[in-house]
Amino acid sequence: MGGTDSKLNFRKAVVQLTTKTQPVEAGDDAFWDQFWADTVTNISDVFALIPAAEIRALREESPSNLATLCYKAVEKLVSAAETGCTAPKEQQIVLNSVRLLTRVLPYIFEDADWRGFFWSTLPGQTGNLETVGDEFPEEESLPLAQSLLNALADLLFCPDFSVVAAKKQQASEKPDDPQNIDSCEFIWEAGVGFATSPPHSAQLDTNRTELLKLLLTCFSETMYLPPVSDAHSIPNQWITYLCSPENRHALPLFTSLINVVCAYDPVGYGMPYNHLLFNDTREPLVEVASQILVVTLDHTQSGPNAPSSVDTLDESGEHGMADNLFVNYLSRIHREEDFRFVLKGLTRLLNNPLIQTYLPGSTKKIAFHQELLVLFWKMCDHNKKFLFFVLKSSDVLDVLVPILYHLNDARADQSRVGLMHIGVFILLLLSGERNFGVRLNKPYSVRVPMDIPVFTGTHADFLVIVFHKIITSGHQRLQPLYDCLLTIIVNVSPYLKSLSMVSANKLLHLLEAFSTPWFLFSNPSNHHLVFFILEVFNNIIQYQFDGNSNLVYTIIRKRNVFHQLANLPVEPHAITQALTRRGKKAAPAPTGEALEQPMMEGALPPVDAEPGTLKASLAATPGVASMTETSKVMPGEGVEGATGGAEGGETPADSPVKDPETAGQTEKPQPPPPGVSDTESSVESQQLAAAAAKEASSIQPPITPTEVATPAEESVARAPQRTASVSSSVTTTTTSNEWRATPEWVQSWKQKLPLQTIMRLLQVLVPQVEKICIDKGLTDESEILKFLQHGTLVGLLPVPHPILIRKYQANSGTTLWFRTYMWGVIYLRNVEPPIWYDTAVKLFEVQRIKDS
């Protein structure tokens, strides 16, 4: 009964406040105390008892009352931060003030006229506050926002409220005075820079969580700005102040947040179903801590053209860029034990959804993996030493496997398109480093249930197979990622020692699909996908030929794909005819063997989100050329000069790719017919060799060593530049401005296709394979593979081209994309309570999945 009466009293106070036509005096403590006394005991009550409509009505019709309410709530927090809050009644006042501000702040941010309220000097903001302005004369000149942030930072290290009191100080005059304690001694968890693990307390965790929720709400002003660069040119003042030297708790707060996240173990001692028996107060704290970290670490730019990483930040520190102490502290972590702690913690949490047990649902599964991925991204971006630490051992594969798991699982769910992007962007960042490609050669033994074909191979095979799945059976909105997916494979391809037959078939199937004439002619940039895949084949043939007999065999089997590409028609009638047939012959009819491919045990096919599921819109996906810079690496040499790619990002319009399960592609290659080893006939092979020789002779020979680049290098360097506009000299447009392929346009890129290496390989090996099949009467492909394993093309191939690595390079477009994605995730994850639900956010659109 008492609880019901207290809620009723709180509700009456809200009604009184919203219906009063005259301003309520700030000195009327009897009235204002109704809002933070022990009337409500949890944040859900506050959200239920203060409807959104009444907050907006108060903002529009009684602005002075709303201003006084905010001021009085901050006043309570400042008072508690100065004197401490050890008594239960004092703690309840603090918590209710925090809850009320958490409820009200989003409605202040959604009105542009109110956003400056917290940053105005008090007590001069409104006339009725002058009566209480003398209570804190030292705070009088501070904006209300700074007073609030100072109080929250103090309260996050307040003994007996958010940290365990130090018993040694009991003999002092002011035991555990919040203003005198050294907060570095009260870091919440052992880990980076702190060796002592304080005793866990459920109540302390709950109090920290509520304080951090309000802090996150303060930062959320960004949500109410439109997704254009100009709107974000001025830094978020809330984040700027908290991460500045003016916050005396900046270092212990950052350390506490990173340590709490990385020390968290949701499984604990592994007792089955423990998460159903006990309430885990640490998980909500870890989740909001990770959100605070990714938001503050994103805040490094003072303008649209400001540097975006610590490498450039150190050089421009005098311009205020280094004032973000969170970024500064993160960039200075350097001890290996600290790196090991952070990496182990992140990989433990990222791999949590992959844990398999004999008892269904017996292990706790976390759901904040998107925040963890962004945090890992920020760690790598701001601390290059951490990135190199990750890549120097096989621990990087503990990051790769969960990312590929989430990519495969989310590929059909349009509400998780953002997750797909962040996963791909992380792999793009990692693929720019040589060690990542080398690590992929480790055998893949982890058997996570996924709806991919059973295979025996390396992590590189795993990556190729998942990428193929994304392209062939992913959601339509994933097409902007095709360039990134193929760029990742290109970056690692020079280091892949042995692809399996399954992944080799996948790569050939992608080339087969992307090289169909109707697909090439339907969009001005689709042909660049072919350039990417050809570059993969060239890299493997030139640098890893010895161990890749599976790929070489598959290229020989599918040699017609390369000859059809080399003989691509350029006549106007042929282009028109290809477009009218539009994919009717994109792939052969499925065979029984293809339809009965074994999948991993326990795997479930991906499904779209349930109708009604909320999703947040994303900013436009940056083109891969605008996200990368190309570096040349010669064998045995380091990275040479870098050249940036042109702006781009046009995506394939209509992908003809179908999953090989329904396109006749077999995971276990069909054995060749007796005596001909899948090469039809000896006569055909002779014709094929002649055609290959003719084709090879028609391709431009390598230019002299004094020139800058070979034709192959020149063509692949152009490959990522998938731009929407094409030179007017090689294209035509109709009166309706609709782009149409022309013979000149087709010829302009066809002559640059890097086919020389592959054609030379076919010219040499096809006759040899056919001869050995006829001479020995081979009917088993394993014998052909043995022959290819011992074969060599030394001295027969063109001069090896330089390895081109496309490294991730941040720009204003990627920065805005990450900011939009990050706040969209935070919006959707905070549903208990729904802090921003039904407010007028502008950074993204909140949409509901419709029933398809």
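**Overall fold, cores and backbone details**

The chain folds into 36 helices and seven strands, and what follows describes a predicted model. Of its 852 residues, 57% are buried. The accessible surface adds up to about 34600 Å², with carbon and sulfur atoms taking 52% of that. As for how the chain is wired together, take the contacts between residues at least 6 apart in sequence: 80% of them join residues at least 24 apart.

On to the inside. The largest nonpolar core counts 244 residues, and Phe35, Phe118 and Phe562 have the most contacts inside it. Apart from that one sits another core, this time of five residues, including Tyr495, Tyr543, Val633 and Ile805. Back in the largest core, Phe35 gives a picture of the packing. Setting aside neighbours within four places in sequence, Phe35 touches Phe10, Ala13, Val14, Leu17, Leu69, Asn96 and Leu100.

Helix H34 deserves a paragraph of its own. H34 runs over residues 756–776, and because each residue should add 1.5 Å, its 21 residues ought to span 30 Å; the end C-alpha atoms are indeed 30 Å apart, so expectation and model agree. Still, H34 has a kink of about 30° at Leu765, shortly before the proline Pro767. Leu765 is also buried, as are Thr757, Ile758, Met759, Leu761, Leu762, Val764, Val766, Val769, Glu770, Ile772 and Cys773. In an α-helix there are 3.6 residues to a turn, so positions three or four places apart point the same way. After H34 comes Gly777, with a positive phi near 60°.

A few backbone spots in the loops are worth a look too. Most residues other than glycine have a negative phi, and most peptide bonds are trans. Against that background, Asp160 has a positive phi of about 70° despite not being a glycine. Asp160 is found in the loop between helix H7 (144–155) and helix H8 (202–219). With 42% relative accessibility, Asp160 falls between the 20% and 50% cut-offs, which means that it counts as partly exposed.

The loop between H36 and S7 holds two more such spots, one of them Asp838. Phi of Asp838 is positive, near 65°, and this residue is again not a glycine. The other is Pro833, in the loop that links helix H36 (812–829) to strand S7 (846–848). Here the peptide bond between Glu832 and Pro833 is cis, with omega at about 0°.

Key: Residues are numbered from 1 along each chain as its sequence is written. This is a predicted model: local features need pLDDT of at least 70, side-chain atom pairs count only at pLDDT 80 or more; totals for chains, interfaces and linings use all residues. Side-chain values use heavy atoms; hydrogens and water are left out. Helices (H or I, at least four residues) and strands (E, at least two) are DSSP runs, numbered from the N terminus. The expected span of a helix is 1.5 Å times one less than its number of residues. The bend at a residue is the angle between axes fitted to the seven residues ending there and the seven starting there. Buried means under 20% relative accessible area, exposed over 50%, partly exposed in between (1.4 Å probe, protein chains only). Contact means heavy atoms within 4.5 Å. Accessible areas come from the Shrake-Rupley method with a 1.4 Å probe; for residues, only the protein chains shown count as cover. A nonpolar core is a set of buried Ala, Val, Leu, Ile, Met, Phe, Trp, Tyr and Cys residues joined through side-chain atoms within 4.5 Å.
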